[in-house]
Amino acid sequence: MQVADKNRNARTIVVLSIICLVLQLALAPNVSIGNGHANFALVFVVSSAPMLSPGTAAVAGFVSGLLFDLSSTAPIGLMAFCLSVAAYALSYEGRERVPGEFGLAVARGAIADLGVSLVYHLAMLLVGQGGSFFDVIFLRALPTALLTFLFLLPFVFFFSRVRTSGPNLGSGVGGGGRLSRRGL
């Protein structure tokens, strides 16, 4: 008998948001390379966007970016804008995603990570909160992207594996990972 758990995504996103918020406030300020710190708000967006509709993902990205902005000295709304655009793009593009594609999820996360980090730090340079162009790119944006990517990997791995297991294990597209009834 199959039981439909309609609240599974909602519970998953709430737990993920709490984990990422705690990590952003407790771990991110203490782990750095150069002047770059991990961005767990972006980790939340990349991990949760494929589970949400584009509009809901944009709102979730805005809220997580706003919490990031409130916990830093950056202009309010800059990261909120960056993350809402990234969440919308990731959720819109991720709707056709087959669950269990770890490599594709890592590539999408890396592209979003690098894009958001570059846009954010270049905007910080434009508003006068960065040093030189070299400092912004090589000591802030790239280390931030690297740290965020390293912390993103376990989340992407978990969600690419969890989403494949379910009631349709071993049946059709996306069910059961590599093994299916047709292609052992």
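Helices are DSSP runs of H or I at least four residues long, numbered from the N terminus. L70 lies in one of them, helix α3. The model shown in these views is predicted.

**Figure 1. Overall fold of the predicted model.** The protein has six helices and two strands, and along the sequence these follow the pattern α-β-β-α-α-α-α-α. Of its 184 residues, 39% count as buried. Among contacts between residues at least 6 apart in sequence, 67% join residues at least 24 apart. The protein exposes about 10,100 Å², with carbon and sulfur atoms supplying 68% of that area.

**Figure 2. Confidence along the chain, with residues 164–184 in close-up.** Mean pLDDT for the protein is 82, and 80% of its residues reach 70 or more. In the stretch 164–184 the pLDDT is below 50, although the model gives this stretch 19 contacts beyond near neighbours in sequence. Where pLDDT is low, predicted coordinates should not be read in detail.

**Figure 3. Helix α3 and its packing.** Helix α3 has 17 residues, which at 1.5 Å a residue should span 24 Å; the C-alpha atoms at its ends are 24 Å apart, so expected and modelled spans agree. The buried residues of the helix are P54, A57, A58, A60, G61, S64, G65, F68 and D69. These buried residues pack against four other helices: α1, α2 (40–48), α4 (78–93) and α5 (102–126).

**Figure 4. The nonpolar surface patch.** L21, L25, V59, F62, V63, L67, L70 and I76 make a nonpolar patch of about 750 Å² on the surface. Helices α1 (8–26) and α3 (54–70) each supply at least two of the patch residues. The largest share, five residues, comes from α3. Helix α3 therefore has buried residues, F68 and D69 among them, as well as residues in this surface patch.

**Figure 5. L70 in close-up.** L70 lies in helix α3 and is one of the residues that make the nonpolar patch. The relative accessible area of L70 is 57%; because this is over the 50% cut-off, L70 counts as exposed.

**Figure 6. Surroundings of S47 in helix α2.** S47 is found in helix α2. Its relative accessible area is 7%, which is under the 20% cut-off, so S47 counts as buried. Leaving aside neighbours within four places in sequence, S47 is in contact with L16, L152, F155 and F159.

Technical notes:
Residues numbered from 1 in each chain as written. Predicted model: local features only at pLDDT ≥ 70, side-chain atom pairs only at ≥ 80, totals over all residues. Heavy atoms only, no water. Patch = residues over 30% accessible without salt bridge, like charges linked within 9 Å, V, L, I, M, F, W, Y side chains within 5 Å. Areas by Shrake-Rupley, 256 points an atom, 1.4 Å probe, with all protein chains shown as cover. Salt bridge = Lys/Arg side-chain N within 4 Å of Asp/Glu carboxyl O. Buried < 20%, exposed > 50% of the residue type's maximum accessible area, 1.4 Å probe, protein only. Expected span 1.5 Å × (residues − 1). Contact = heavy atoms within 4.5 Å. pLDDT = per-residue confidence, 0-100.
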